[in-house]
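Let's take a walk through a protein chain together. Have the sequence and the 3D view open, and look up each spot as we get to it.

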Amino acid sequence: MSNAYEEYMRQMVMPMRQELTTAGFAELTTAEDVEKFMEDSSGTKLVVVNSVCGCAAGLARPAVTQAVLNSEKKPDHLVTVFAGQDKEATAKMREYFEGIEPSSPSMALLKDNKVVHFIPRHDIEGMPMETVMQNILGALEAHC
């Protein structure tokens with residue numbers, strides 16, 4: 001891949017990354033970041049597998065940021081990996097989603113490093129934002 005293309009992609013996805021980091025999500029960009037985070041943190045973890053697609057922009061990111069802001073129950077940790085951009089980090093995080101097919105965008109709520117709720121792309125794409133948000137809020141209410 002050429003350096004010009006890589007730089008273009010970094011610049012293009014910057015606002016997509018910032019939408020989550022501004023809402024308090026920590027970005028994990030390497031497999032080592034993911035491994036260290038998963039080993040060193042405890043409690044509940046809300047993981048967003050970010051993506052450049054339209055359903056990430058119009059549904060997943062707005063729904064998760066609003067859900068986290070509006071929920072009385074909050075996970076202990078908010079993190080994100082970016083599918084297609086931070087490939088090794090995304091692959092490493094997906095190892096923790098045992099038995100779940102890769103999906104992006106997607107969201108996983110983990111407790112003690114086990115997935116207790118998962119929202120795949122097919123439960124995001126084409127849904128009203130409020131439906132996606134209620135799915136997240138229900139998971140936070142049940143597990144946080």
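How many helices and strands does the secondary structure of the chain come to? There are 5 helices and 5 strands. Keep in mind as you look around that this is a predicted model.

## The overall layout

Now put those pieces in order. Reading along the sequence, you meet them in the pattern α-β-α-β-α-β-α-β-β-α. So the chain opens with a helix and ends with a helix, and two strands follow one another just before that last helix.

How does the chain fill space? Its C-alpha atoms fit a box of roughly 45 × 35 × 30 Å, taken along the principal axes. For 144 residues, a compact globule would have a radius of gyration near 15 Å, and the chain has 14 Å, so the two agree.

## Inside and outside

What share of the 144 residues is buried? The figure is 44%. As for the outside, the chain exposes about 7400 Å², and carbon and sulfur atoms supply 51% of that area.

The contacts say something about how the chain folds back on itself. Take the contacts in the chain with a separation of 6 or more: 72% of them are between residues 24 or more positions apart. Charges are worth a glance too. The chain carries 13 positive and 21 negative side chains, yet the centres of the two sets lie just 1 Å apart.

## The cysteines

Here's a bit of background: a disulfide is a covalent bond between the sulfur atoms of two cysteines. How many disulfides does the count come to here? It comes to 0.

Cys 55 shows how that works out. The closest cysteine sulfur to its own is in Cys 53, at 3.2 Å, and that is too far for a bond because the cut-off is 2.5 Å. Cys 55 has 9% relative accessibility, so it counts as buried.

Cys 144 sits in the segment after helix 5, which covers 129-143. Is this residue buried or partly exposed? With 28% relative accessibility, Cys 144 counts as partly exposed. Leaving out neighbours within four places in sequence, it touches Thr 44, Lys 73, Lys 74, Pro 75, Leu 109 and Ala 139. You can also check it against Ser 41: the two are 103 residues apart along the chain, while their C-alpha atoms are separated by 15 Å.

## Two buried residues

Find Met 38 in helix 2, which spans residues 31-40. Its relative accessibility is 2%, so Met 38 counts as buried. Setting aside neighbours within four places in sequence, its contacts are Lys 45, Met 93, Tyr 96, Leu 110 and Asn 113. Glu 130 is another story: it is 92 residues from Met 38 in sequence, and the C-alpha atoms of the pair are 30 Å apart in space.

Next, look for Ala 108 in strand 4. Ala 108 counts as buried because its relative accessibility is 1%. Which residues is Ala 108 in contact with, leaving aside its neighbours within four places in sequence? They are Lys 45, Leu 46, Val 47, Phe 97, His 117 and Phe 118. Lys 45 may ring a bell, since Met 38 is in contact with it as well. Val 52 and Ala 108 are 56 residues apart along the chain, with 18 Å between their C-alpha atoms.

## Backbone oddities

Some spots are worth a closer look for their backbone. Ser 104 and Pro 105 are joined by a cis peptide bond, with omega at about 0 degrees. Pro 105 lies in the loop between helix 4 (87-94) and strand 4 (106-111).

Then move on to the loop between strand 4 and strand 5 (114-119), where you'll find Asp 112. Its phi is near 55 degrees, a positive value in a residue other than glycine. Asn 113 lies in that loop too, and its phi, near 65 degrees, is also positive without the residue being a glycine. How do they sit relative to the surface? Asp 112 counts as exposed because it has 60% relative accessibility, and Asn 113, at 22%, counts as partly exposed. Asn 113 also appeared earlier, among the contacts of Met 38.

Conventions. Residues numbered from 1 in each chain as written. Predicted model: local features only at pLDDT ≥ 70, side-chain atom pairs only at ≥ 80, totals over all residues. Heavy atoms only, no water. Helix = DSSP H or I, 4+ residues; strand = E, 2+ residues; numbered from the N terminus. Rg over C-alpha atoms; globule rule 2.2 N^0.38 Å. Buried < 20%, exposed > 50% of the residue type's maximum accessible area, 1.4 Å probe, protein only. Contact = heavy atoms within 4.5 Å. Areas by Shrake-Rupley, 256 points an atom, 1.4 Å probe, with all protein chains shown as cover. Lys, Arg positive; Asp, Glu negative; His and termini not counted. Charge placed at Lys NZ, Arg CZ, Asp CG, Glu CD.
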